[in-house]
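Visitor: I would like to learn how the packing of two helices is read from a model. Could you take me through a case?

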Amino acid sequence: MNGIMGTHRHLFQVVRDDDAGLAARERLLVDMGRTSEAEENARETVKGTRATLGDSHPETLIAITSLGAVLRAQNQLEEAATLAREVRNGWMQLEGDAK
């Protein structure tokens, strides 16, 4: 896929593959059974990126995706689904803005 969505799909893969990244830290905490700590870290990251970069900035959307993954691991599926819709809408908005 071309455009913003194609580029940012690649960023999702980079975040998933980058063991030094925040998403990797949260994934490690989940793997260690420290899901509450992972959730706290993920929520702080989302709060900070929203405040600094805005709700639909790519870094914010990536942080929200990471929080959603932690929530899925905790079986908090309703909130995870809400976040997934927010992320989808954010990427769609960015794609539309790029046209």
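Guide: What follows is a short reading of one helix pair and of the loop after it. This is a predicted model, in which local features need pLDDT of at least 70, side-chain atom pairs count only at pLDDT 80 or more, and totals for chains, interfaces and linings use all residues. Residues are numbered from 1 along each chain as its sequence is written, and side-chain values use heavy atoms, with hydrogens and water left out.

Visitor: At what angle do α3 and α4 pack, and how far apart are their axes?

Guide: Two packed helices are described by the angle between their axes and the distance between the axes. Here helix α3 (residues 35-53) and helix α4 (residues 58-73) pack at about 160 degrees, with axes 9 Å apart; α3 and α4 are therefore roughly antiparallel (an angle over 145 degrees).

Visitor: Which residues of α3 and α4 meet?

Guide: Contact means heavy atoms within 4.5 Å, and on the α3 side the residues include Ala38, Ala42, Val46 and Leu53, while those of α4 include Ala63, Ile64, Leu67 and Leu71. The residues of this contact divide into 9 nonpolar, 4 polar and 4 charged.

Visitor: Which residues of α4 are buried?

Guide: Buried means under 20% relative accessible area, and among the buried residues of α4 are Ile62, Ala63, Ile64, Leu67 and Leu71.

Visitor: What is the phi of Asn75, just after α4?

Guide: Most residues other than glycine have a negative phi. Asn75, in the loop between α4 and α5 (77-98), has a positive phi of about 65 degrees, and at 57% relative accessibility Asn75 counts as exposed (over 50%).

Notes
Axes fitted to C-alpha atoms, helices over the stretch in contact; angles between N-to-C directions. Helix = DSSP H or I, 4+ residues; strand = E, 2+ residues; numbered from the N terminus. Parallel < 35°, antiparallel > 145°, perpendicular 65-115°, else oblique. Nonpolar A, V, L, I, M, F, W, Y, C, P; charged D, E, K, R; others polar. Buried < 20%, exposed > 50% of the residue type's maximum accessible area, 1.4 Å probe, protein only.
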